[in-house]
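This report covers aromatic ring contacts and cysteine pairing in a single model. The sequence and structure are shown first.

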Amino acid sequence: SLNDLWWYADDAFHFIQGSLRANEVGRYPGTLGTSATSHQFIWPGSRSAASGWYDPVAKTGVIFGGKGCDAVECASYSYLNDLWAFEYLEQPQTLHANSSMVQAEFLGGSLSCNSDGNFPDEDGQQHEPPWPGARESPATWVDSDGNAYIFGGSGFDEVGDAVSALSDLWQWNTFAQSWRWVGGPSYGNEVSFGVSLVWPGARGQ
């Protein structure tokens with residue numbers, strides 16, 4: 001898997017940043033000699049099947065999860081739930097090869113792979129900040145207010161014993177910069193159901 005970033009303009013691709021090699025671990029704030037305030041060496045690890053969207057409020061590109069490399073290693077059974085934003089510090093026409101004018105910001109999630117989701121308990125109490133479990137290939141879209149949604153995918157539910165097909169729905173609030181569980185089962189491999197409540201079944205890649 002890869003973590004290189006490219007810009008396409010004038011009928012040509014231009015390399016912006018990232019590794020020239022495959023299977024690179026992520027460089028998170030406070031790891032590998034990076035500081036929490038320095039963005040110079042902060043960059044997401046290599047991955048495939050991540051979800052991505054454009055944040056019209058912050059004017060950043062955003063990626064979530066996928067399958068690939070965490071802060072320590074690259075394993076074949078490695079699902080991610082980290083969230084990253086890419087900020088363009090200069091107009092695209094001024095970018096050039098190996099440019100540092102695109103800044104990666106780590107927005108949250110686990111530095112290790114295969115993390116469970118943080119759901120409310122049976123009484124509706126949220127004991128940890130809400131966050132989707134690690135997964136690849138969720139359906140993704142953005143609403144008219146700029147909030148992003150992910151649905152399902154293959155990955156880890158609230159328990160996280162093994163990879164399963166998921167059917168949970170989450171919203172990333174671009175103003176609050178936080179996740180909210182909208183609905184769907186907190187466990188995987190659930191069939192479609194509907195009488196008093198209609199909900200699609202779990203689905204993966």
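## Aromatic cluster

Trp53, Phe64, Trp131, Trp172 and Trp179 are joined into a cluster by ring pairs. The model is a predicted one. Across the structure, the count of aromatic pairs comes to 17.

One of these pairs is that of Trp53 and Trp179, an edge-to-face contact with 6.5 Å between centres and 80° between the planes. Trp53 belongs to strand S4 (residues 51-55) and Trp179 to strand S12 (residues 178-183), so the pair links distant parts of the chain, 126 residues apart. Trp53 has a relative accessible area of 9% and is buried; Trp179, at 3%, is also buried.

Trp179 also pairs with Trp131, again edge-to-face, at 6.1 Å centre to centre and with 80° between the planes. Here 48 residues separate the partners: Trp131 lies in the loop between strand S7 (102-108) and strand S8 (135-136), while Trp179 is in strand S12. Trp131 is buried as well, with a relative accessible area of 13%.

## Cysteines

The structure contains 1 disulfide. This bond connects Cys69 and Cys74, with an S to S distance of 2.0 Å. The link of Cys69 and Cys74 is right-handed, with 110° about the S-S bond.

The two ends of the bond sit in unlike surroundings: Cys69 is buried at 1% relative accessibility, whereas Cys74 is partly exposed at 32%.

Why is Cys113 not bonded to Cys69? The closest cysteine sulfur to that of Cys113 is in Cys69, and the 9.8 Å between them is too far for a bond, because a disulfide requires sulfur atoms within 2.5 Å.

Notes: Residues numbered from 1 in each chain as written. Predicted model: local features only at pLDDT ≥ 70, side-chain atom pairs only at ≥ 80, totals over all residues. Heavy atoms only, no water. Buried < 20%, exposed > 50% of the residue type's maximum accessible area, 1.4 Å probe, protein only. Phe/Tyr/Trp six-rings, centres within 6.5 Å; stacked < 30°, edge-to-face > 60°. Helix = DSSP H or I, 4+ residues; strand = E, 2+ residues; numbered from the N terminus.
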